[in-house]
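Here are a few exercises to work through with the model open in your viewer. Try each task before you read its solution.

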Amino acid sequence: MNEALNEVVNDIIDNDRINMKHFKRSNGDIKSRNICYTNQTRRNINTACMDHFAELNTKMGKPVLTIAGKEQTLKLVEHSIVVFKENKKADGLFNNMELCVTGWDEVNKTITLKGGAKEGSQQFSFKDFAAKFIRGHCLTTHCLQGSTLD
């Protein structure tokens, strides 16, 4: 699966004529956080990754949740990595913190995430989620400024 996704990212780089010096793949592995310089590249890579995983899940008969997000439509599958874009210290959530989608309830319009500084899961309404999270396959150098990466 990683090999296929690497091909998707390479196609984006080729088609957008992105110079590789403007895009750094963490540890050379698509599962790791990918770093780029521009927001457009970040959006393109995140969209390609979302589409890839949504297509795989659809083929396997697994659910895909689509939410109209702040800057792009979010296609989420179980175990999607998302990034929080605000600071909510009381909730143990900080800007650029990664969380993992563990499930959702389409009737109550809530999404469940695991991660953050507090143990256990946290729930967000679809509306709050769309406003406060972005997909986490690729982030910009500006976004990661001051972060420690493995």
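**Exercise 1: a pair within one helix**

Glu55 and Lys59 both sit in helix 2, 4 residues apart, or about one turn of the helix. Keep in mind that this is a predicted model. Work out what joins the side chains of Glu55 and Lys59.

*Solution.* Start with the cut-off: a salt bridge needs a side-chain nitrogen of Lys or Arg within 4 Å of a carboxyl oxygen of Asp or Glu. For Glu55 and Lys59 the N to O distance is 3.2 Å, so the two meet in a salt bridge. Next, look at the surroundings. Glu55 is partly exposed at 48% relative accessibility, while Lys59 counts as exposed at 65%.

**Exercise 2: the other salt bridges**

How many salt bridges does the structure hold? Find the partners of Asp51 and Asp91, and say how exposed the residues are.

*Solution.* The count is 3.

- Take Asp51 to begin with: its salt bridge is with Lys75, and the closest N and O atoms are 2.8 Å apart. This pair ties together distant parts of the chain, with Asp51 in helix 2 (residues 39-59) and Lys75 in strand 4 (residues 73-76), 24 residues apart. Asp51 is partly exposed, at 33% relative accessible area, and Lys75 is partly exposed as well, at 28%.
- Then go to Asp91, which bridges to Lys88 with closest N and O atoms 3.8 Å apart. Asp91 has a relative accessible area of 31%, which makes it partly exposed; Lys88, at 30%, also counts as partly exposed.

**Exercise 3: an arginine without a salt bridge**

Arg135 has no salt bridge. Is Arg135 buried or exposed, and which backbone oxygens does its side chain reach?

*Solution.* Locate the residue: Arg135 belongs to strand 9 (residues 133-135). Arg135 is buried, and the nearest side chain of opposite charge, Asp51, is 8.4 Å away. With a salt-bridge limit of 4 Å, that distance is too long, so Asp51 doesn't qualify as a partner for Arg135.

Now check the backbone. A polar atom of the Arg135 side chain lies 2.9 Å from the backbone oxygen of Lys75, and the side chain also reaches the backbone oxygen of Ile81 at 3.3 Å. Finally, list the company it keeps: beyond neighbours within four places in sequence, the contacts of Arg135 include Asn46, Met50, Gln72, Leu74 and Val83.

**Exercise 4: the sheet and its edges**

In what order do the strands of the open sheet run, and why do strand 8 and strand 9 each have one side without a neighbour in the sheet?

*Solution.* The sheet has 5 strands in the order 8-7-6-5-9, with antiparallel pairing. Strand 8 and strand 9 are at the edges and each has a single partner strand, so one side of each is left without a neighbour in the sheet. From one strand to the next, the twist averages 45 degrees.

Zoom in on the strand 8 end. Strand 7 (residues 110-115) runs antiparallel to strand 8, joined by 5 bridges; one of the partner pairs is Thr112 with Gln123. The two strands form a hairpin with 5 residues between them, and Gly116 in the turn has a positive phi of about 90 degrees.

**Exercise 5: two faces of a strand**

Which side chains of strand 8 (residues 121-125) are buried?

*Solution.* Begin with the general pattern: side chains in a regular strand alternate between the two faces of the sheet. Strand 8 shows such alternation: Gln122 and Phe124 point to one face and are buried, whereas Ser121, Gln123 and Ser125 point to the other and are not.

Technical notes. Residues are numbered from 1 along each chain as its sequence is written. This is a predicted model: local features need pLDDT of at least 70, side-chain atom pairs count only at pLDDT 80 or more; totals for chains, interfaces and linings use all residues. Side-chain values use heavy atoms; hydrogens and water are left out. Buried means under 20% relative accessible area, exposed over 50%, partly exposed in between (1.4 Å probe, protein chains only). Lys and Arg count as positive and Asp and Glu as negative; His and the chain ends are not counted. A polar contact is a pair of N or O atoms within 3.5 Å; within protein, one must be able to donate a hydrogen and the other to accept it, and residues adjacent in sequence count only if both atoms are side-chain atoms. Two strands pair if DSSP finds at least two bridges between them. Axes are lines fitted to C-alpha atoms, for helices over the stretch in contact, and angles run from 0 to 180 degrees between N-to-C directions.
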